Amino acid sequence: MITAKRPDDVAREVERLARTGEKHFVIAAIDHGGMLDQERLGAARYAAGLQSTVELEALTAAAAAAR
């Protein structure tokens, strides 16, 4: 799970993990799916490349309560 807050930090982390062979990335939601999360998700998708899967952490009531 990628927890970096700034989009460029998210991209760096995804690039680092992609170099080790990772192909599936989950971005931790920090803005309840809002604009910042969308920017972070876009940065991760760009850094991961076409053959990877990138998704935003699902915010269910149980997950939100655990935070």
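## A salt bridge to start with

Let's start with one pair: Arg-6 and Asp-8 join their side chains in a salt bridge, with 2.8 Å from N to O. The term salt bridge is used here for a side-chain nitrogen of Lys or Arg within 4 Å of a carboxyl oxygen of Asp or Glu. The general idea is simple: side chains of opposite charge can pair when their charged atoms come close.

Before going on, note that this is a predicted model, in which local features need pLDDT of at least 70 and side-chain atom pairs count only at pLDDT 80 or more, while totals for chains, interfaces and linings use all residues. Residues are numbered from 1 along each chain as its sequence is written, and side-chain values use heavy atoms, with hydrogens and water left out.

## More charged pairs

Asp-8 has another partner too: Arg-12 forms a salt bridge with Asp-8, and their closest N and O atoms are 3.5 Å apart. Both Arg-12 and Asp-8 sit in helix 1, 4 residues apart, which is about one turn of the helix. Asp-8 itself is partly exposed, at a relative accessible area of 32%. (Buried means under 20% relative accessible area, exposed means over 50%, and partly exposed is in between, using a 1.4 Å probe and protein chains only.) Zoom out a little and you find a network of salt bridges linking Arg-6, Asp-8, Asp-9 and Arg-12.

Now hop over to helix 2. Arg-40 and Asp-37 meet there through their side chains, in a salt bridge of 2.9 Å from N to O. These two residues are 3 apart in helix 2, again about one turn of the helix. Are Arg-40 and Asp-37 buried or exposed? Both of them are buried. Searching the whole structure turns up 5 salt bridges.

## The overall layout

So what does the chain look like from end to end? The secondary structure comes to 3 helices and 2 strands, and reading along the sequence gives the pattern α-β-α-β-α. Helices (H or I, at least four residues) and strands (E, at least two) are DSSP runs, numbered from the N terminus.

The protein chain has 67 residues, and 27% of them count as buried. Contact here means heavy atoms within 4.5 Å. Among contacts in the chain with a separation of 6 or more, 61% come from residues 24 or more positions apart.

## Two helices side by side

Two packed helices are described by the angle between their axes and the distance between the axes. For helix 1 (residues 7-19) and helix 2 (residues 35-48), the angle is about 30° and the axes are 8 Å apart. The axes are lines fitted to C-alpha atoms, for helices over the stretch in contact, and angles run from 0 to 180 degrees between N-to-C directions. Helix 1 and helix 2 are therefore roughly parallel to each other. For the cut-offs, angles under 35 degrees count as roughly parallel, over 145 as roughly antiparallel, 65 to 115 as roughly perpendicular and the rest as oblique.

Which residues make the contact? Helix 1 brings Pro-7, Val-10, Ala-11, Val-14 and Glu-15, while helix 2 brings Leu-36, Glu-39, Arg-40, Ala-43, Ala-44, Ala-47 and Ala-48. Sorted by type, the residues of this contact are 9 nonpolar, no polar and 3 charged. (Ala, Val, Leu, Ile, Met, Phe, Trp, Tyr, Cys and Pro count as nonpolar, Asp, Glu, Lys and Arg as charged, and the others, Gly among them, as polar.)

## Around strand 2

Val-54 lies in strand 2 and counts as buried, at 10% relative accessibility. Leaving aside neighbours within four places in sequence, Val-54 is in contact with Phe-25, Ile-27, Leu-41, Ala-44, Arg-45 and Ala-48. One of those partners, Arg-45, is found in helix 2 and is partly exposed, with a relative accessible area of 47%.

Ser-52 sits in the loop between helix 2 and strand 2 (53-56). Ser-52 counts as buried at 15% relative accessibility. Its C-alpha atom is 5.8 Å from that of His-24, although the two are 28 residues apart along the chain. Beyond its neighbours within four places in sequence, Ser-52 is in contact with Glu-22, Lys-23 and Phe-25.

## An unusual backbone angle to look up

Finally, take a look at His-32, in the loop between strand 1 (24-27) and helix 2. His-32 has a positive phi of about 55° although it is not a glycine. At 72% relative accessibility, His-32 counts as exposed.
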